[in-house]
Amino acid sequence: MMLSSKSGMRGLWFIMPAVVTLLLLITYPLIYGAYISFFDTNLITKWNFVGLKHYVNIFSNTEFVERILLTLHYTFWVVVGHFVIGTGLALILNMKLKGITVFRVILILPWLFPEVVVGLLWKWLFNPLYGLFNAVLMKVGLIDDPVSWLGDEKTAFAAVIVVSIWKGFPMVMMLLLAGLQSIPEDIYEAARIDGCTRSAAFRYVTLPALMPVMVVTLILDTVWWFKHFTMIWILTQGGPGNATNVVSIDIFKQAFEFFNFGKASAMAILVFFVCWLMGYGYRRLFGNGDD
């Protein structure tokens, strides 16, 4: 009994660094953010308790709902792009082809680059004066005049989506590739013996076996890009107008441009619950990927 108690205490000491890190980096900021949302504050000298005023103002104003809808629109296309490209490349990279390891390394590079670097790189490519895209398109005769890709409401949103897809597809690709490689080859051999075609094997063997990984990847990818900030801020800062003013950009502006820290915190808490609801919805829809 004493030995079991000592082993239990030893286990607690091993997990303690991770628990403390999670409390400091996740739990405490979340609780403190919720606390700030009940105040009209500058975070230093002004702490006026306003209760649920910020939440009431947010829900009584259609702008926040519009930001959420725009963010959902952005997230939908980015996640769809990630899964279409990521799944296709994962299936190709899972084949036993010569030199496939080199392509795996090349294709994962966009995910390894820092987001700031990716944002600045694509901002240069989209530049209307000296950007590579305009130069190439004008040279081949597809356009006559330079296009302001990030300065036009008609193209800015699509441009941001393209950059986000390019940046994020390697994560989906690698997670699905890991899932594909964990499927035993014996299952495919049994399917072939039973007369399964490739398409039938993909539908009845690969997809069910890959479903748990796909559900987790879908939740992670959706939540990550729903609250994404860095590259959109570098590319457009939410403009032109409100064409790319997703909810994360709006929260940043409320806090650090308008100094409405209480309102920004309330918006962030609401975004947290939206992300939780999306994750819960996925788990309910796909049965946690266990079916």
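Trainee: Why is Ser 248 called buried?

Mentor: Ser 248 has a relative accessible area of 11%, and buried means under 20%, exposed means over 50%, and partly exposed lies in between, as found with a 1.4 Å probe on protein chains only. Because 11% falls under 20%, Ser 248 is buried. Please keep in mind that this is a predicted model, in which local features need pLDDT of at least 70 and side-chain atom pairs count only at pLDDT 80 or more, while totals for chains, interfaces and linings use all residues. Residues are numbered from 1 along each chain as its sequence is written, and side-chain values use heavy atoms, with hydrogens and water left out.

Trainee: Where does Ser 248 lie, and what is it in contact with?

Mentor: Ser 248 is found in helix α11, where helices (H or I, at least four residues) and strands (E, at least two) are DSSP runs numbered from the N terminus. Leaving aside neighbours within four places in sequence, Ser 248 is in contact (heavy atoms within 4.5 Å) with Lys 227, His 228 and Phe 229.

Trainee: What elements make up the chain as a whole?

Mentor: The chain comes to twelve helices and two strands, and from the N terminus on the elements run α-β-β-α-α-α-α-α-α-α-α-α-α-α. The C-alpha trace spans about 80 × 70 × 30 Å along its principal axes, and 38% of the 291 residues count as buried.

Trainee: What makes the packing of α4 against α7 oblique?

Mentor: Helix α4 (residues 100-112) and helix α7 (residues 153-181) pack at an angle of about 130°, with their axes 6 Å apart; the axes are lines fitted to C-alpha atoms over the stretch in contact, and angles run from 0 to 180 degrees between N-to-C directions. Angles under 35 degrees count as roughly parallel, over 145 as roughly antiparallel, 65 to 115 as roughly perpendicular and the rest as oblique, so an angle of about 130° makes α4 oblique to α7.

Trainee: Which residues meet there, and how do they divide into nonpolar, polar and charged?

Mentor: From α4 the residues include Arg 104, Leu 107, Ile 108 and Trp 111, and from α7 they include Trp 166, Lys 167, Gly 168, Phe 169 and Gln 181. The residues of this contact divide into twelve nonpolar, two polar and two charged, where Ala, Val, Leu, Ile, Met, Phe, Trp, Tyr, Cys and Pro count as nonpolar, Asp, Glu, Lys and Arg as charged, and the others, Gly among them, as polar.

Trainee: How do you know that Asp 40 and Lys 46 form a salt bridge?

Mentor: A salt bridge is a side-chain nitrogen of Lys or Arg within 4 Å of a carboxyl oxygen of Asp or Glu, and the N to O distance for Asp 40 and Lys 46 is 3.4 Å, so the pair fits the rule. By this rule the count comes to three salt bridges. Asp 40 counts as partly exposed at 31% relative accessibility, and Lys 46 counts as partly exposed at 33%.

Trainee: Which pairs form the other salt bridges, and what parts of the chain does the pair with Asp 250 link?

Mentor: Asp 250 and Arg 67 meet in a salt bridge at 3.7 Å, N to O, and this pair links distant parts of the chain, with Asp 250 in helix α11 (residues 247-256) and Arg 67 in helix α3 (residues 62-93), 183 residues apart. Both Asp 250 and Arg 67 are buried. Arg 192 forms a salt bridge with Glu 185, the closest N and O atoms being 3.7 Å apart, and Glu 185 is partly exposed, with a relative accessible area of 41%.

Trainee: What makes the backbone at Gln 237, Phe 259 and Pro 240 worth pointing out?

Mentor: Most residues other than glycine have a negative phi, and most peptide bonds are trans. Gln 237 has a positive phi of about 55° although it is not a glycine, and Phe 259, also not a glycine, has a positive phi of about 60°. A cis peptide bond joins Gly 239 and Pro 240, with omega about -10°. Gln 237 is placed in the loop between α10 and α11, and Pro 240 is found in the loop between α10 (230-235) and α11, whereas Phe 259 lies in the loop between α11 and α12 (261-286).

Trainee: Why is Phe 259 called exposed, and what is Gln 237 called?

Mentor: Phe 259 is at 54% relative accessibility, which is over 50%, so Phe 259 counts as exposed. Gln 237 has a relative accessible area of 43%, which lies between 20% and 50%, and therefore Gln 237 is partly exposed.
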